[in-house]
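I set out to record what could be looked up in this structure. The entries follow the order in which I worked.

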Amino acid sequence: MAVERLNKLAGVKINYVPLKGTGDLITTLIGMHVDGAMDYLPLAIQQKGKVRTLAIATENRNPALPDVPTFKELGLNLVDGAYRGVAVPKSTPLVLQHKMSDYFAQLNADPETRQKLEDSGFILVDIPLAKMPTFMK
């Protein structure tokens, strides 16, 4: 969907090439089997010695890529990303669901863990279990 938004906002036509995942994308991109790619910020940071990132779809520039502008800076209102979460079967007792939610909040609050994730390009957003229904809406 992000590629289609970029097509519309920039007035271009980028051909979407379906791949199995980021691993295949890296090989395809670095192997020059495609002219470019749109993927998540961690790929741009982890591969910054092998790829040239043109723009990022975040509100602000990322410290790991200080010279890379945001799409907004380039005049395109494109801020996008992906959320990663933890899921359990619907039948999981509510008390256990809350324990899992609290555990991940503690993990993400750990300064060392948080720094490693942010250095890799992940922007942490903690949504506790009680606020998940509103967030999903």
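The entries below go from the fold to the surface, the charges and the aromatic rings.

Entry 1, model. I note at the outset that the model is predicted.

Entry 2, fold. I looked up the secondary structure and found 6 helices and 0 strands in the chain. Read from the N terminus, the order of elements is α-α-α-α-α-α. For the extent, I took the C-alpha trace along its principal axes, which spans about 50 × 30 × 30 Å.

Entry 3, contacts. I considered the contacts between residues at least 6 apart in sequence; 31% of these join residues at least 24 apart.

Entry 4, burial and surface. I checked how much of the chain is buried: 24% of its 137 residues count as such. The exposed area comes to about 10,400 Å², and carbon and sulfur atoms supply 57% of that area.

Entry 5, charges. I compared the mean positions of the 16 positive and 14 negative charges and found them 5 Å apart.

Entry 6, aromatic rings. I searched for aromatic pairs and found 1 in the structure. The ring centres of Tyr103 and Phe104 lie 5.2 Å apart and the planes meet at 80°, so I recorded the pair as edge-to-face; the cut-off for that class is over 60 degrees.

Entry 7, exposure of the pair. Are Tyr103 and Phe104 buried or exposed? Tyr103 has a relative accessibility of 46% and therefore counts as partly exposed. Phe104, with a relative accessible area of 29%, is likewise partly exposed. Buried would require under 20%, and exposed over 50%.

How values were computed:
Residues numbered from 1 in each chain as written. Predicted model: local features only at pLDDT ≥ 70, side-chain atom pairs only at ≥ 80, totals over all residues. Heavy atoms only, no water. Phe/Tyr/Trp six-rings, centres within 6.5 Å; stacked < 30°, edge-to-face > 60°. Buried < 20%, exposed > 50% of the residue type's maximum accessible area, 1.4 Å probe, protein only. Helix = DSSP H or I, 4+ residues; strand = E, 2+ residues; numbered from the N terminus. Contact = heavy atoms within 4.5 Å. Areas by Shrake-Rupley, 256 points an atom, 1.4 Å probe, with all protein chains shown as cover. Lys, Arg positive; Asp, Glu negative; His and termini not counted. Charge placed at Lys NZ, Arg CZ, Asp CG, Glu CD.
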